[in-house]
Amino acid sequence: MKLKKELPIIGIVLLPFLYLAYVWNQLPTEVPLHYNIKGEVDRYGDKTELIMIPIMMPLLIYVILLAVPYIDPKKQIQKMGNKYHSLKLILTLFMSALALFIIHSTKSGGLGNPNIIFMIVGALYVVLGNYFKTIKANYFIGIRTPWTLENETIWKETHKLGGKVWFVGGLLGIICSLLLDTQINFKVFMGITIVIALIPVVYSYLLYRKQKD
């Protein structure tokens with residue numbers, strides 16, 4: 001690991017911690033910790049619980065992504081080089097942005113517009129869709145089905161289609177988040193997520209059956 005190369009990502013990981021420290025004295029002892037699909041508070045708790053947000057989101061994700069290339073038995077992730085570093089940066093940035101939004105919402109006393117979360121996730125789908133075709137066959141990231149892990153051609157074809165599906169699904173999720181009511185958008189967004197997750201899985205099986213026949 002080259003520390004100089006990792007410093008920007010480490011800075012991104014630290015942002016939610018620094019922001020939480022900055023607003024700490026402005027927070028009441030009890031803060032909203034959970035919201036329903038309407039964006040209404042349904043659980044309060046001690047503000048010390050907020051510390052787990054940056055720990056469990058950007059920090060944990062970064063540590064996992066940092067370790068994966070060293071424990072990958074096929075060493076395929078290391079072959080991705082800068083593409084994997086960019087993916088690590090994007091995922092860490094996403095988790096930090098989400099953590100910052102949650103902490104800010106807690107400070108403000110409510111989520112405001114919950115659709116913002118769906119827009120952030122939709123943007124992540126779009127970015128991941130662009131990266132799918134660059135992911136080498138491995139056991140940790142990507143569309144890992146028994147059929148993609150068994151055959152490199154199936155892996156490549158599945159990720160090529162999966163990338164397009166996730167890109168379109170992400171764009172659709174963003175558009176719906178801009179236009180729809182929160183409760184309706186929650187159902188629509190969950191539907192989009194299920195569809196873009198299932199299509200590549202089914203496709204990988206169909207490719208396997210085609211090759212077998």
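Contact means heavy atoms within 4.5 Å. This is a predicted model in which local features need pLDDT of at least 70 and side-chain atom pairs count only at pLDDT 80 or more, while totals for chains, interfaces and linings use all residues. Residues are numbered from 1 along each chain as its sequence is written, and side-chain values use heavy atoms, with hydrogens and water left out.

**Exercise 1.** State what share of the contacts in the protein chain with a separation of 6 or more comes from residues 24 or more positions apart.

Solution.
- Take the contacts in the protein chain with a separation of 6 or more.
- Residues 24 or more positions apart account for 68% of them.

**Exercise 2.** Place Asn-115 in the secondary structure and decide whether Asn-115 is buried or exposed.

Solution.
- Helices (H or I, at least four residues) and strands (E, at least two) are DSSP runs, numbered from the N terminus.
- The protein chain has seven helices and two strands, in the order α-β-β-α-α-α-α-α-α.
- Asn-115 lies in helix 4, which covers residues 115–131.
- Buried means under 20% relative accessible area, exposed over 50%, partly exposed in between (1.4 Å probe, protein chains only).
- Asn-115 counts as buried because its relative accessibility is 3%.

**Exercise 3.** Find which residues Asn-115 touches, not counting those up to four places away in sequence.

Solution.
- The residues touched are Ser-177, Leu-180, Asp-181, Thr-182 and Asn-185.
- For Ser-177, 62 residues from Asn-115 along the chain, the C-alpha separation is 5.3 Å.
- For Asn-185, a polar contact of 3.0 Å joins its side chain to that of Asn-115.
- A polar contact is a pair of N or O atoms within 3.5 Å; within protein, one must be able to donate a hydrogen and the other to accept it, and residues adjacent in sequence count only if both atoms are side-chain atoms.
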